[in-house]
Amino acid sequence: MAVAFDEMNGLGEDLRPAYQELSRWLKETPPDALEYRRQEAELLFRRIGITFAVYGDTEAQERLIPFDVIPRIMSANEWTLLEKGLKQRVLALNMFLKDIYHGRDILRANVIPEDLIFQNPVFRPEMNGQDVPHDIYVHIAGIDIIRTDPDNFIVLEDNARTPSGVSYMLENREIMMRLFPDLFARHRVAPVERYPDELLSALRSVAPHSASAEPTVALMTPGVYNSAYYEHSFLADKLGIELVEGRDLIVKNDEVFMRTTEGLKRVDVIYRRVDDDFLDPLTFRPDSALGVPGLMSAYAAGNITLANAVGTGIADDKAIYSYMPDIVKFYLSEEPILKNVQTWRCREAQDLSYVLDNLADLVVKEVHGSGGYGMLIGPAATKATIEAFRDKLKREPEGFIAQPTLALSTCPTCTDKGLAPRHVDLRPFVLTGSRQTTIVPGGLTRVALKEGSLVVNSSQGGGTKDTWILSE
């Protein structure tokens with residue numbers, strides 16, 4: 001694996017301009033003072049109760065996501081380029097989703113193989129021919145970005161269903177402002193606090209035409225046992241909207257109402273954090289106790305907006321991801337601003353052959369996998385693990401893609417042995433309403449805390465950092 005590009009020191013020992021002030025501050029700050037504030041940050045997170053559940057971990061059902069107090073910093077120019085690329089990509093994703101559920105021009109043009117869509121378990125035939133308000137399918141996108149050099153941002157994956165993590169972005173900033181006012185005073189950092197207002201504005205803007213002038217928005221959660229429940233309650237509170245479960249909602253005459261102490265109240269937009277399968281037991285899984293019977297008929301009648309739309313899972317399938325450069329060119333007639341990671345589709349015989357011959361050097365992922373589960377990092381795997389994966393690939397090649405093991409960029413991070421570089425990625429949150437697409441400057445930086453590790457997912461022991469975009 002190549003030497004990692006360090007965002008503070010570049011590829012050599014040259015301090016990059018965005019980090020000059022931070023470098024000066026670190027030299028002036030005694031290590032014990034930094035350690036004291038690091039412990040204080042942990043205490044604040046515990047007090048606020050920001051946790052997430054780890055499935056399959058009997059030791060610690062609720063874990064604190066480790067927070068690193070050294071911010072990740074980007075210049076205004078870098079952000080301008082990234083923002084432009086993100087807007088382009090999400091626009092193409094929305095056009096792709098509208099097309100595959102309507103005219104299917106992209107399939108007729110043979111850009112993507114038909115079976116990759118129609119035999120895909122996350123393709124929703126129920127959405128065929130169904131219009132969604134303002135043709136927006138992905139209202140909230142979380143696009144995972146990595147860097148391997150100073151000049152390019154690369155998309156690692158697209159999260160178009162129910163991307164999570166924005167509560168950490170907001171809490172990280174609040175805690176940094178409280179604990180490091182002196183460091184903030186030395187920088188002009190673009191604010192992230194307006195995210196809840198922008199989200200609410202985007203959600204209201206996509207209300208059905210039959211909605212009132214002040215549309216009612218609710219956030220639908222699977223309930224307290226969901227791993228991201230903290231975030232659901234946090235966002236509902238910040239947006240000033242009701243947090244509801246399926247049992248709080250009822251459908252009458254193809255309209256959705258929520259039960260309140262003053263009787264039934266119509267709901268126009270549901271920001272849903274419940275997967276498609278569980279939304280409506282009359283349409284999807286009949287055993288779902290999390291959904292609302294009849295919700296899909298109200299949706300088909302055009303009386304409710306679901307954000308994100310039903311059927312968006314096809315856009316964050318990792319085999320579809322490999323076609324994203326072609327998707328951008330097809331719909332927008334533009335070159336993609338953001339690159340993709342080179343990807344081998346194991347469903348194709350030639351690619352599979354290459355992957356099987358090079359498993360020890362590659363990262364292999366499930367096409368529907370998330371959270372860092374079910375993947376192989378060849379260079380870090382034992383021979384036995386590689387052989388077990390080889391058998392899996394031969395049995396079910398269409399379930400996997402492979403990519404080179406990239407040296408993700410690093411940022412200075414607090415460790416037991418002092419400051420050291422650790423690998424990072426970035427998840428900016430892209431909001432699309434009927435009038436505009438907005439991106440709060442920054443996003444959630446995730447950091448692999450184990451030395452040498454490339455896995456930044458919180459479920460796999462990763463932590464988070466505050467992301468500073470410097471204003472001009």
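**Group meeting: a walk through the model**

Okay, let's start with His134, which sits in the loop between H5 and E4. Bear in mind throughout that this is a predicted model. His134 is not a glycine, yet its phi is positive, about 60 degrees. Most residues other than glycine have a negative phi, and most peptide bonds are trans. As for accessibility, His134 is partly exposed, with a relative accessible area of 35%.

Staying in that loop, between helix H5 (114–118) and strand E4 (140–147), we also find Ile136. Buried or exposed, this Ile136? Buried, at 7% relative accessibility. Leaving aside neighbours within four places in sequence, Ile136 is in contact with Asn94, Val206, Thr432, Gly433 and Ser434. If you want a distance to check, Ile136 and Val367 are 24 Å apart, C-alpha to C-alpha, with their positions 231 residues apart in sequence.

Back to backbone oddities. Ser333 is another non-glycine with a positive phi, about 50 degrees. Ser333 lies in the loop between helix H12 (324–332) and strand E13 (339–340), and at 65% relative accessibility Ser333 counts as exposed. Then there's a cis peptide bond, joining Ala307 and Asn308, with omega at about -5 degrees. Asn308 is in the loop between strand E12 (305–307) and helix H11 (318–321).

Next, helix H13, residues 349–357. Which of its residues are buried? Asp351, Leu352, Val355 and Leu356. Looking down the axis of H13, those buried residues fall within an arc of 130 degrees, so they line one face of the helix. That goes with helix geometry: an α-helix has 3.6 residues a turn, so residues three or four places apart point the same way. Turned away from the buried side of H13 is a face carrying the exposed residues Ala349, Gln350 and Asp357. And what do the buried residues of H13 pack against? Strand E14 (344–345), strand E15 (362–366), helix H14 (383–395) and strand E17 (400–404).

Now a buried arginine. Arg173 is in helix H6, residues 166–179, and has a relative accessible area of 2%. Setting aside neighbours within four places in sequence, the contacts of Arg173 include Phe184, Val189, Glu193, Asp466 and Trp468. Val192 is also a contact of Arg173; the two are 19 residues apart in sequence and 7.7 Å apart in space, C-alpha to C-alpha.

Cysteines, quickly. How many disulfides does the structure hold? Zero. Take Cys411: the closest cysteine sulfur to its own is in Cys414, 12 Å away, which is too far for a bond. Cys411 is also buried, with a relative accessible area of 0%. Cys346 is buried too, at 1% relative accessibility.

Cys414 takes us to the last stop, the second largest pocket, where Cys414 is among the residues nearest the centre, along with Arg38, Pro66, Asp416 and Leu449. The second largest pocket has about 560 Å³ of space and a lining of 26 residues. That lining divides into eleven nonpolar, five polar and ten charged residues. Where does the largest share of the lining come from? From H2, which gives six residues. Helix H2 (31–48), strand E2 (62–64), strand E3 (67–74), strand E18 (410–415) and strand E19 (418–427) each supply at least two residues of the lining.

That's my tour; over to you.

Notes
Residues numbered from 1 in each chain as written. Predicted model: local features only at pLDDT ≥ 70, side-chain atom pairs only at ≥ 80, totals over all residues. Heavy atoms only, no water. Buried < 20%, exposed > 50% of the residue type's maximum accessible area, 1.4 Å probe, protein only. Helix = DSSP H or I, 4+ residues; strand = E, 2+ residues; numbered from the N terminus. Arc of directions from axis to C-beta. Contact = heavy atoms within 4.5 Å. Disulfide = S-S within 2.5 Å. 1 Å grid on protein atoms, 1.4 Å probe; cavity = no way out; pocket = protein on both sides within 12 Å on 5 of 7 lines; lining within 4 Å. Points joined across faces, edges and corners; volume = space filled by probe spheres on them. Nonpolar A, V, L, I, M, F, W, Y, C, P; charged D, E, K, R; others polar.
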